[in-house]
Amino acid sequence: MTRRVSFPGSVTRPGRYQLQAETRAGSGKGLSPDQERENLGDLMSELNSLIGLGKVKKLVGEIKDYITIQQQRRDMGLLAEPLVLHMVFKGNPGTGKTTVARILGKAFARMGLLSKGHLTEVERADLVGEYIGHTALKTREMVKKALGGILFIDEAYSLARGGEKDFGKEAIDTLVKAMEDHKDDFVLILAGYRGEMEAFLRSNPGLKSRFPIHIEFPDYKIEELVDIAEQITRNRQYRLTPGAREKIRELLYENAGSGELVMGNARYIRNLVEAAIRKQAVRLAKAKVTTREALMALERQDIIEALEK
Ligand SMILES: Nc1ncnc2c1ncn2[C@@H]1O[C@H](COP(=O)(O)OP(=O)(O)O)[C@@H](O)[C@H]1O
Ligand SMILES: [Mg+2]
């Protein structure tokens, strides 16, 4: 199993969203409510166009409905739950965590819950410093960058790795304070491998209670990965020939048994497609072929060569 690749997971703690009628209408973009709804619709389509992720899509849909209804309750003078949107994303690398977080940030901005909606992705080294006080400084700087959007901490449990004396603890404390101080305009997402995330939260019960939303990102199935290859290719205005598609499928089935390299990992697929695009360029340049059809086609041979690199 290739579990230990150096991908970041993330741990985040958001603050509490006060629903404010004033902030609802605008994310500072001067859009009419109709335009905003349309925009939100676009974002939901973007989310839904991702391959697989059935449960993730369902949960995001629920969160969206919940926010909308709480806003309507508030507008009607009914008690509204404070919206706490800090989340934990659990899953292996390449399962779509960062991709989904980026869409969520934009969606929350459209809903008036965040003023900007940008994603700031960090890992331990961005937060933890080398001497006393340095960590708080670094962490606060990252929080500042993330204000108005989402701070996404990959492999969040690495903050707890060094034990009691480690500065990681200082980072956690600073984050907890930031969650309080900026509760209206800041969402924290902690991400990483499921087992590590759960152990981390178990050993930090105070932290756990601040993250009401947990989303699991399962590994992609082989057929989903083939569809992802197809989608990534299409988005770049290339086309997989049937032979190329078949080669990718074969490769995935071959590796499924060995537990090697793939692990339901969409990033691996993206890298493979990108490498195949380079191989296609070499092939075409040599053959001096420039028809539109040829410029678009990724052949079986391109995939095979991409695998050899
Ligand atoms: N469901 C999906 N459909 C299409 N592409 C995807 C999907 N999930 C991930 N990808 C692509 O795979 C790559 C890795 O995804 P990412 O969100 O960075 O994974 P993680 O953050 O879990 O490591 C990105 O290029 C992304 O566009
Ligand atoms: Mg990621």
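Where does ligand 1 lie with respect to domain 1 and domain 2? Both domain 1 (16-217) and domain 2 (222-308) contribute residues to the shell around ligand 1, so the ligand lies between them. Keep in mind as you look around that this is a predicted model. The protein has 309 residues, of which 40% count as buried, and its secondary structure comprises 14 helices and nine strands.

**Around ligand 1**
- The shell around ligand 1 holds 19 residues, and those that come nearest are Gly 96, Lys 97, Thr 98, Thr 99 and Ala 266.
- Three elements give two or more residues to this shell: helix H4 (97-110), helix H10 (222-235) and helix H12 (266-287).
- Sorted by class, the shell has eight nonpolar residues, eight polar ones and three charged ones.

**Asn 271, a residue to find in helix H12**
- Asn 271 is part of helix H12, one of the helices that give two or more residues to the ligand shell.
- Is Asn 271 buried or exposed? Asn 271 has 13 C-beta neighbours inside 10 Å, so it counts as partly exposed; the buried class begins at 20.
- Ala 306 is 35 residues away from Asn 271 in sequence, yet their C-alpha atoms are 9.2 Å apart in space.

**Nonpolar cores**
- As background, nonpolar side chains in soluble globular proteins tend to be buried together.
- The largest nonpolar core here has 55 residues, and the members that touch the most others are Phe 108, Ile 150, Leu 151, Ile 189 and Leu 190.
- Helix H4 gives the most to this core, with seven residues.
- There is also a second, separate core of 19 residues, with Val 226, Ile 228, Ile 248 and Ile 269 among them.

**Helix H7 and its surroundings**
- Helix H7 covers residues 168-181, which makes 14 residues.
- From first C-alpha to last, H7 reaches 20 Å, close to the 20 Å expected at 1.5 Å a residue.
- Which residues of H7 are buried? They are Gly 168, Glu 170, Ala 171, Ile 172, Leu 175, Ala 178 and Met 179.
- The cover over these buried residues includes helix H5 (124-127), helix H6 (134-146), strand E6 (187-192) and helix H9 (205-208).

**Contacts along the chain**
- Taking contacts between residues at least 6 apart in sequence, 80% join residues at least 24 apart.

Note on methods
Residues numbered from 1 in each chain as written. Chains lettered and ligands numbered in written order. Predicted model: local features only at pLDDT ≥ 70, side-chain atom pairs only at ≥ 80, totals over all residues. Near = placed C-beta within 6 Å. Helix = DSSP H or I, 4+ residues; strand = E, 2+ residues; numbered from the N terminus. Nonpolar A, V, L, I, M, F, W, Y, C, P; charged D, E, K, R; others polar. Domains from an automatic or database assignment. Buried ≥ 20, exposed ≤ 12 C-beta atoms within 10 Å, placed from the backbone. Expected span 1.5 Å × (residues − 1). Contact = placed C-beta atoms within 7 Å. Core = buried A, V, L, I, M, F, W, Y, C linked by C-beta atoms within 7 Å.
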